[in-house]
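Reader: I would like a close look at one part of this model, with the helices and aromatic side chains there taken slowly. Could you walk me through that part and then link it to the rest of the chain?

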Amino acid sequence: MDTIASLFSFITTPVSWVIVQFHSVYGAIFGPDTGWAWGLSIVSLVILIRICLIPLFVKQIKATRAMQTLQPEMKKIQERYKNDKQRQSEEMMKLYKETGTNPLSSCLPILAQSPFFFALYHVLNSIASNDTIGVINTSLLESAQKAHIVGAPLAVKFTDSASKVEALGASLTDVRVVTAIMIVLMSASQFFTQRQLMTKNVDTTVKTPFMQQQKMLMYVFPVMFAVFGINFPVGVLVYWLTTNVWTMGQQMYVIHNNPTPGSKAQAAYLERLHKHVTTHGKVSRRRDKVIVKAIVAKGRDRNEFERKFINGLSKAGLAAQTDGTVIKSDTAAAVEAEDGTPTTGTPKRQQPKRQTKAQRQSAAAKAAEESEQKTSLTKSDAPEDAKPAPAAKKGGAKPAGGARSKAQSGQRKGPQRPKSPSKK
């Protein structure tokens with residue numbers, strides 16, 4: 001480890017300078033030789049580094065999501081060229097180039113802070129060896145050796161001998177209890193961070209080898225921290241525990257406010273956003289507008305949670321726009337109360353009340369009576385000339401009104417021959 005750390009010796013001077021500057025501030029508050037002064041200096045170093053790495057963290061999120069999106073295409077390439085590894089690699093590189101994705105982008109935060117980690121390890125190891133390094137002179141070296149964090153010197157390790165621990169003014173039992181607790185906390189925070197990513201912020205609609213790799217890392221990383229942690233000085237354990245806690249909090253913030261499409265976190269986020277929009281009638285925050293704009297732009301490519309969100313807005317009488325805003329839809333504009341105040345949604349369909357058997361029979365009888373009345377009125381209103389002529393009187397009386405009787409169709413005019421009696 002010393003050989004690896006020495007490769008980053010060019011950065012030990014800046015790291016030691018930052019620690020000394022923070023120590024001068026906290027030393028004035030807690031005392032220069034206390035564990036609080038040196039411990040908080042290391043914590044502040046971590047926070048400063050992680051703030052500087054926020055742009056890389058954002059790039060890591062985008063790269064991870066892009067890799068999740070490309071997994072189905074990558075799987076097809078692997079199956080198509082499973083017997084030709086060279087062609088497979090060429091097609092993979094072509095896919096990365098076309099989509100602008102870099103697999104190494106997901107590892108940028110870890111790679112970027114690795115030099116600081118090894119530089120800090122080298123500084124603390126020099127303190128334990130009673131060697132000056134960087135801007136840490138003899139007086140600061142003596143002060144750092146006196147500093148104890150909950151009874152454990154800053155530069156001791158779990159595997160150090162009792163004589164070395166006693167030389168720094170501590171007991172071996174205290175050192176091992178403190179370092180064991182810190183190693184457990186460090187591994188647990190790493191496991192929880194990875195588990196949170198796998199259970200809440202992964203697209204559950206796509207089953208890919210990438211998810212299996214992430215699931216494996218969820219168990220591998222904590223074990224690695226536990227194994228290598230026994231060789232880390234207490235100061236390095238403070239550094240790594242702080243950066244794990246920072247990563248966990250940063251990831252919780254991202255999952256809560258900008259979840260991966262298709263994940264459980266997105267379902268919870270859109271449910272909260274729907275409740276807020278229907279209550280206030282608008283999208284307030286800028287990042288919410290960005291997400292609504294992206295959902296509208298997808299069109300038919302929306303996932304289940306996004307379709308549910310858009311349909312929920314429609315039922316509430318609202319419509320999402322292409323710029324991420326939400327306005328009152330035409331359906332809701334037509335629905336207004338009698339006093340002119342707009343309602344919050346479409347009117348509910350009124351279901352007719354169920355009638356009893358007696359009511360149905362009474363209604364049927366009333367309808368029949370009205371039908372008879374209409375029929376009688378129709379007959380009485382008919383013109384008189386439309387009525388049939390009265391029958392002719394005996395004695396050859398002519399029909400009333402002098403009208404001639406017309407021969408029926410198919411009969412001859414004039415007197416008719418009597419029919420002959422039928423033969424029996």
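Author: Here is a walk through helix H10 and its surroundings, followed by other parts of the chain.

A word on the basis comes before the details. This is a predicted model, in which local features need pLDDT of at least 70, side-chain atom pairs count only at pLDDT 80 or more, and totals for chains, interfaces and linings use all residues. Residues are numbered from 1 along each chain as its sequence is written, and side-chain values use heavy atoms, with hydrogens and water left out.

Let us start with helix H10, which covers residues 209–229 and includes Met216. Helices here are DSSP runs of H or I with at least four residues, strands are runs of E with at least two, and both are numbered from the N terminus. Met216 joins Val220, Val223, Met224, Val227 and Phe228 in a nonpolar surface patch of about 530 Å². Such a patch is made of residues with over 30% relative accessible area and no salt bridge; nonpolar side chains (Val, Leu, Ile, Met, Phe, Trp, Tyr) are joined within 5 Å, and like charges within 9 Å. The areas come from the Shrake-Rupley method with a 1.4 Å probe, and for residues only the protein chains shown count as cover.

Now turn to Phe225, which also lies in helix H10. Its ring and that of Trp240 have centres 5.5 Å apart and planes at 45 degrees, so the pair is tilted. Phe225 is in helix H10 and Trp240 is in helix H11 (residues 234–257), so the pair ties together parts that are 15 residues apart in sequence. For such pairs, the rings of Phe, Tyr and Trp (its six-membered ring) must have centres within 6.5 Å; planes under 30 degrees apart are stacked, those over 60 are edge-to-face, and the rest are tilted. Phe225 is buried at 12% relative accessibility, and Trp240 is buried as well, at 14%. Here buried means under 20% relative accessible area, exposed means over 50%, and partly exposed lies in between, with a 1.4 Å probe and protein chains only. Tyr239 joins Phe225 and Trp240 in one aromatic cluster.

UniProt, in an unreviewed entry, places a "transmembrane region" at residues 7–29, 35–58 and 217–241. Its positions are given in the numbering used here, its feature names are shortened, and annotations may be inferred rather than shown by experiment. Over residues 217–241 the chain is 84% helix and 0% strand, with its end C-alpha atoms 18 Å apart. The span of residues 35–58 is 96% helix and 0% strand, and its end C-alpha atoms lie 34 Å apart.

How many aromatic pairs does the model hold? The count comes to five. One of these pairs is formed by Phe30 and Trp36, whose ring centres are 5.9 Å apart with planes at 25 degrees, so the pair is stacked. Phe30 is partly exposed, at 38% relative accessible area, while Trp36 is exposed, at 58%. In helix H2 (residues 12–30) we also find Val25, which is partly exposed with a relative accessible area of 47%. Val25 and Leu40 are 15 residues apart in sequence and 10.0 Å apart in space, C-alpha to C-alpha.

Charged side chains come next. The model has four salt bridges, each a side-chain nitrogen of Lys or Arg within 4 Å of a carboxyl oxygen of Asp or Glu. Among them is that of Arg87 with Glu91, whose closest N and O atoms are 3.1 Å apart. These two are four residues apart in helix H5 (residues 85–99), and so are separated by about one helical turn. Arg87 is partly exposed at 34% relative accessibility, whereas Glu91 is buried at 19%. Another salt bridge links Asp288 and Arg285 at 2.9 Å, N to O; Asp288 is buried at 2%, and Arg285 is partly exposed at 37%.

One last stop is the loop between strand E1 (148–149) and strand E2 (152–153), where Val150 is placed. Most residues other than glycine have a negative phi. Val150 has a positive phi of about 55 degrees although it is not a glycine, and Val150 is exposed at 70% relative accessibility.
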